[in-house]
Amino acid sequence: MSLSRFIGKAQTAIDGKGRSSFPREFRRQLGPTEGNEFVVACGPNHTLRLYLTSEFDKFMAEIDALKDRQQAEIFRYQLEATTVEMDGQNRILIPKNLLEYAGLTNEVIYVADRGWSLDLWNPERYNAKYGKKTEEDVTAFSEMFYKLGLPEGLDDKR
């Protein structure tokens, strides 16, 4: 498979040592050059963001390009970024401080973000924010899907 970004969503367990299986769905999307080392950092909305190292380098270049050097420095420290490596059982060890920041205890949802990064969510927070809980939620999703997803001329066939 030759993609230019992660796609999908997967939920896995977190063991008592803070290890989470890196989902098979995403392992299959990695090419032979991506390796098994990642960067994990604080993300928005009490999530974590897991980057391929090359994607993290791009992100850091964006931060380095900020004109407000003090703001960039504070942001870099607040990221609390660290490298993690997939072990022989395809698990990554998420540091305790990051688990606490994201409210992760027993399970985590990996969600594709922009490019080669994944957001790691507490399942309850994710479902509260993005779950299709009501018929109105499903209707709003359907309307957006049709608005964005159909080629011209097909929208009248709904």
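**Exercise 1.** State which helix holds Phe-141, and decide whether Phe-141 is buried, partly exposed or exposed.

*Solution.* Phe-141 is found in helix H6, residues 135-149; helices are DSSP runs (H or I) of at least four residues, strands (E) of at least two, numbered from the N terminus. This is a predicted model, in which local features need pLDDT of at least 70, side-chain atom pairs count only at pLDDT 80 or more, and totals for chains, interfaces and linings use all residues. Residues are numbered from 1 along each chain as its sequence is written, and side-chain values use heavy atoms, with hydrogens and water left out. Buried means under 20% relative accessible area, exposed over 50%, and partly exposed in between (1.4 Å probe, protein chains only). Phe-141 has a relative accessible area of 44%, so Phe-141 is partly exposed.

**Exercise 2.** Place Arg-91 in its strand, classify its burial and find its side-chain polar contact.

*Solution.* Arg-91 lies in strand E6, residues 91-93. Its relative accessible area is 18%, so Arg-91 is buried. Its side chain makes a polar contact with the side chain of Gln-89 at 2.9 Å. Such a contact is a pair of N or O atoms within 3.5 Å; within protein, one must be able to donate a hydrogen and the other to accept it, and residues adjacent in sequence count only if both atoms are side-chain atoms.

**Exercise 3.** Describe the largest nonpolar core.

*Solution.* A nonpolar core is a set of buried Ala, Val, Leu, Ile, Met, Phe, Trp, Tyr and Cys residues joined through side-chain atoms within 4.5 Å. The largest has 25 residues, and Phe-22, Phe-38, Leu-50 and Tyr-110 have the most contacts inside it. Elements giving two or more residues to this core include strand E3 (37-42) and helix H4 (96-102).
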